[in-house]
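This report covers a few local features of one protein model. Please have the sequence and the structure open while reading.

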Amino acid sequence: MYTPNRLKAHLAAGHVAFGCWVGGGAPTNAEILGHAGFDFLLVDHEHGVGETSEIIDTLRAIETTPSPALVRVPWNDHVFLKRVLDAGVQSVMIPSVDTAEAALAAVRACRYPPQGIRGYAAGVVRASTFGLEPGYIHKANENMLIAVQIESHVAVDNAEAIAATEGADVIFIGVNDLAGSIGRLEQTGHPEVRELVQRAERAILASGKIMGTVPNAGASVGELIDRGYRIIAGPHDVALLRDAGLAAVAEYRALRQAEKGGQQAVASSHLQKSY
């Protein structure tokens, strides 16, 4: 359903946006986390669980909360982008954008002509409140927030040109895939990885575009803010559930172990008294 893009307005006002990943495929998770107070929820359809049709269910859940949605699509595919935009997505993230040409293609896929090539069905789609929103095609172009991901050493080489792409609002550094592109997967604190990240940072900050990433071994949330990042995707719904579950089980096992130890001590005491 059409509403002004609150995440774009939040960023335009100069604020930092701290968000949470939603990749477990459960709209209820999105609804809970939206009410928790995150600045945005990053609904992951690159690695996350869920099909295209389920994006609408997740959007409906998020729309009941104060948190706006940012949806990551599987690939820089103008057909998939058209479908999720028609579903009502206003903020979109495109992974693995290695060149300025790919960044421009992503932007054009998200905009109606003459600024882009987004196909027209505005009279009947959910994004326009099924044709009830006056002037929707113009509002859609103005409200669209487009984030492109730099995730390889090739993309770092092209970071200046990618960041210069008109309409690419957020340049988001995918640190782990960037590390993987030089054979350093899961080594986000490695000097070679940090050097690539710093090169990308310099190019993005010089462009004036909004810079985004995830907390990693190379930087905490506070350090990222100090370095100029303004959109940070922090925890993940699956990890939050996993870690809470592990903590609850560990607490229970520690309690049971303590009880067992106490029972053994009592039994030992009784044995000693019997001799």
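## Surroundings of T58

Beyond its neighbours within four places in sequence, T58 is in contact with P27, A30 and V43. The model is a predicted one. T58 belongs to helix α3, which covers residues 52-62. The relative accessible area of T58 is 8%, so this residue counts as buried, the cut-off being under 20%.

## Packing of helix α6

Helix α6 spans residues 136-143, and its buried residues are Y136, A140, N141 and N143. These buried residues pack against α1 (6-12), α4 (78-87) and β5 (145-150). For Y136, the relative accessible area is 7%.

## Aromatic pairs

How many aromatic pairs are there? The count comes to 4. One of them joins Y112 and Y120: the ring centres are 6.4 Å apart and the planes make an angle of 55 degrees, a tilted arrangement. The two partners are not alike in exposure: Y112 is buried at 2% relative accessibility, whereas Y120 is exposed at 62%.

Y112 also pairs with Y136, with 6.2 Å between the ring centres. The planes of Y112 and Y136 stand at 80 degrees, so this pair is edge-to-face, the class for angles over 60 degrees. Y112 sits in the loop between α5 (100-109) and α6, while Y136 is in helix α6; the pair therefore ties together parts 24 residues apart in sequence.

## Aromatic cluster

Y112, Y120 and Y136 belong to one aromatic cluster together with Y2. Within this cluster, Y136 is also one of the buried residues of helix α6.

Definitions and conventions
Residues numbered from 1 in each chain as written. Predicted model: local features only at pLDDT ≥ 70, side-chain atom pairs only at ≥ 80, totals over all residues. Heavy atoms only, no water. Helix = DSSP H or I, 4+ residues; strand = E, 2+ residues; numbered from the N terminus. Buried < 20%, exposed > 50% of the residue type's maximum accessible area, 1.4 Å probe, protein only. Contact = heavy atoms within 4.5 Å. Phe/Tyr/Trp six-rings, centres within 6.5 Å; stacked < 30°, edge-to-face > 60°.
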